[in-house]
Amino acid sequence: MAPPVPLTGALDDPARARDLRRMKTLATGLFGAAALVYLACVVWGGDRTWVGYVEATAEASMVGALADWFAVTALFRHPLRLPIPHTAVIPRKKDQIGTSLGAFVQENFLTAAVVSERLATVDVPGRIGDFLAAPGRAQRLAGDAGVAVRALFDLLDDDVVQEALGSLVDRKARETPAAPVLARVIEAVVEGDKHQDVLSAGLTGLAGFLRDNRALFRAQLSDASPVWVPDWVDDRVFVRAFDGVQRFLAEVGADPQHELRRSYDARLRAYVQALRTDPATAAKVEDAKADLLDHPAVRTWSAGLWGTAKAALLAAADDPDSALRARVGDLLLRAARMLQEDEQVRATVQEQAVRAARWAVTRFSGDAAELVSTTVARWDTEETSRRIELQVGRDLQWIRVNGTVVGGLAGLVIHTVGQLIG
């Protein structure tokens with residue numbers, strides 16, 4: 001069993017302690033006054049008639065005061081430290097009181113019906129929207145999100161996360177068939193006629209490359225030509241061949257219906273079909289994918305994903321003017337407006353809030369009750385009794401005062417009735 005836990009906090013109220021002492025002094029003082037009156041009547045009263053009434057009143061006041069003192073004291077401790085049965089009720093029943101208190105909270109507060117009834121009167125989306133829409137609130141929350149991101153990253157082991165992320169990317173890339181993906185990409189390019197734009201750009205680039213390296217190609221022809229062939233022949237052959245290639249490239253680039261373009265389009269479409277239906281073609285793509293994934297540069301890139309992503313996120317989170325912070329702030333403001341104005345969103349949030357609250361109390365009400373009971377069970381017994389007495393003792397001392405007064409009146413009435421009857 002866990003050791004008792006001392007209570008601390010606001011329950012230890014000096015003002016309440018002073019009020020309790022004053023009430024105890026008042027109640028004890030009334031008892032003392034009644035005792036002095038009774039003693040005076042016994043010693044000096046004689047046989048005068050009125051003395052009997054005063055004596056009976058004082059005697060009944062003392063009895064009432066003592067009885068109520070015993071009753072009030074028995075709640076918190078043994079009167080006169082005597083182990084009288086059924087006294088020190090609170091210390092003796094502390095654990096049972098804690099269990100009962102927990103059950104009371106669970107059965108009367110933490111119920112789906114009570115929570116639903118309460119939330120039905122609360123505009124949950126409106127309150128959330130007002131909170132988010134407060135001036136400067138979205139920016140502060142965006143900054144808090146940045147702090148939370150940095151705190152989260154500080155908790156993570158970079159080596160472990162980097163290895164896990166790299167392994168995940170590699171595994172997913174290897175598990176995902178490449179042929180269907182490549183087929184969808186090429187098909188999207190072909191359907192959008194972008195492949196012809198790519199071909200045009202390639203032809204233009206090739207023509208420019210040939211022009212820029214004309215002298216180099218002419219030199220290569222001279223090196224390959226027999227020594228007995230005159231240079232002027234090489235020049236004419238080179239010019240005719242070079243100009244022919246350039247004209248061909250220009251024709252293909254200028255004619256959208258050129259035969260080369262139609263052939264290029266048909267081959268791409270056939271390749272898309274092969275990627276989807278021909279196992280051999282798909283296998284070649286898979287082999288190429290595996291070779292690519294095994295390339296040192298790719299493995300280095302995948303291993304550094306976490307470091308790159310972390311650095312970028314931290315830089316954006318720390319920069320008040322970053323696009324990420326601004327985007328988060330804008331999203332919060334948009335959410336606030338939707339929660340305040342969009343009836344469909346408001347109804348959905350209200351419904352989900354009620355459902356979440358009902359689930360929470362259904363799931364955790366028993367835990368809350370157990371928390372109350374176990375916490376009370378761990379409280380120090382004497383300290384618990386003292387604290388409870390401090391909270392309610394002042395009102396209980398009024399019981400002693402009332403017992404003294406009511407007891408005296410009752411004694412007076414009883415004595416009077418006895419005199420009348422006798």
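A residue is called buried under 20% relative accessible area, exposed over 50%, and partly exposed in between. The exercises below concern a predicted model.

**Exercise 1. Place T300 in the structure and decide whether T300 is buried or exposed.**

Solution. Begin with the secondary structure, where T300 is found in helix α15, which covers residues 296-303. Next take the relative accessibility, which is 58% for T300; because the limit for an exposed residue is over 50%, T300 counts as exposed. Then look at the side chain of T300, which reaches the backbone oxygen of P296 at 2.8 Å. Finally, set T300 against A134: the two are 166 residues apart in sequence, and their C-alpha atoms are 46 Å apart in space.

**Exercise 2. Determine where G166 lies and how far the C-alpha of G166 is from that of W301.**

Solution. G166 belongs to helix α8, residues 158-175, and with a relative accessible area of 11% G166 is buried. In sequence G166 and W301 are 135 residues apart, while in space their C-alpha atoms are 8.8 Å apart.

**Exercise 3. Work out which helices build the largest nonpolar core, and describe the surroundings of L275.**

Solution. First list the members: the largest nonpolar core has 10 residues, namely A178, A179, A183, I186, V190, L268, V272, L275, A282 and V285. Assign them to helices, and α9 (178-191), α13 (259-277) and α14 (279-294) each prove to supply at least two residues of this core, with α9 giving the most, 5 residues. Now turn to L275, which, when residues up to four places away in sequence are not counted, touches A179, L182, A183, I186, T281, A282 and V285.

**Exercise 4. Identify the buried residues of helix α6 and the elements that cover them.**

Solution. Helix α6 runs over residues 124-133, and its buried residues are V124, P125, G126, G129 and L132. The cover over these buried residues includes α5 (112-120), α7 (137-155), α17 (323-341) and α18 (343-378). At the start of α6, a side-chain oxygen of D123 comes to within 3.1 Å of the backbone nitrogen of G126.

**Exercise 5. Find the salt-bridge partners of R269, and compare their settings with that of the pair R262 and E259.**

Solution. The structure holds 18 salt bridges, and R269 takes part in one with E191, in which the closest N and O atoms are 3.3 Å apart. R269 lies in helix α13 and E191 in helix α9, so this pair ties together parts that are 78 residues apart in sequence. As for accessibility, R269 is partly exposed at 39%, whereas E191 is exposed at 55%.

R269 also forms a salt bridge with D265, with the closest N and O atoms 2.8 Å apart. Here both residues lie in helix α13, 4 residues apart, or about one turn of the helix. D265 has a relative accessible area of 17%, and because the limit for a buried residue is under 20%, D265 is buried. Salt bridges that share partners also join K24, R77 and E389 into one network.

For the last pair, the side chains of R262 and E259 meet in a salt bridge at 2.5 Å, N to O. R262 and E259 likewise both lie in helix α13, 3 residues apart, which is about one turn of the helix. R262 is partly exposed at 43% relative accessibility, and E259 is partly exposed at 48%.

**Exercise 6. Examine the phi angles of L80 and R81, and say where these two residues lie.**

Solution. Start from the general expectation that most residues other than glycine have a negative phi. L80 has a positive phi of about 55° although L80 is not a glycine, and R81, also a residue other than glycine, has a positive phi near 60°. L80 lies in the loop between α2 (49-76) and α3 (89-92), and R81 lies in the loop between α2 and α3 as well. For accessibility, L80 counts as exposed at 66%, and R81 is exposed with a relative accessible area of 78%.

**Exercise 7. Name the residues that form a nonpolar surface patch with V43, and classify V43 by its accessibility.**

Solution. The patch is formed by L39, V42, V43 and W44, which together have about 450 Å² of accessible area. V43 is placed in helix α1, residues 14-44. The relative accessible area of V43 is 48%, and V43 is therefore partly exposed.

Notes:
Residues are numbered from 1 along each chain as its sequence is written. This is a predicted model: local features need pLDDT of at least 70, side-chain atom pairs count only at pLDDT 80 or more; totals for chains, interfaces and linings use all residues. Side-chain values use heavy atoms; hydrogens and water are left out. A nonpolar core is a set of buried Ala, Val, Leu, Ile, Met, Phe, Trp, Tyr and Cys residues joined through side-chain atoms within 4.5 Å. Buried means under 20% relative accessible area, exposed over 50%, partly exposed in between (1.4 Å probe, protein chains only). Contact means heavy atoms within 4.5 Å. Patches are made of residues with over 30% relative accessible area and no salt bridge: like charges are joined within 9 Å, nonpolar side chains (Val, Leu, Ile, Met, Phe, Trp, Tyr) within 5 Å. Accessible areas come from the Shrake-Rupley method with a 1.4 Å probe; for residues, only the protein chains shown count as cover. A salt bridge is a side-chain nitrogen of Lys or Arg within 4 Å of a carboxyl oxygen of Asp or Glu. A polar contact is a pair of N or O atoms within 3.5 Å; within protein, one must be able to donate a hydrogen and the other to accept it, and residues adjacent in sequence count only if both atoms are side-chain atoms.
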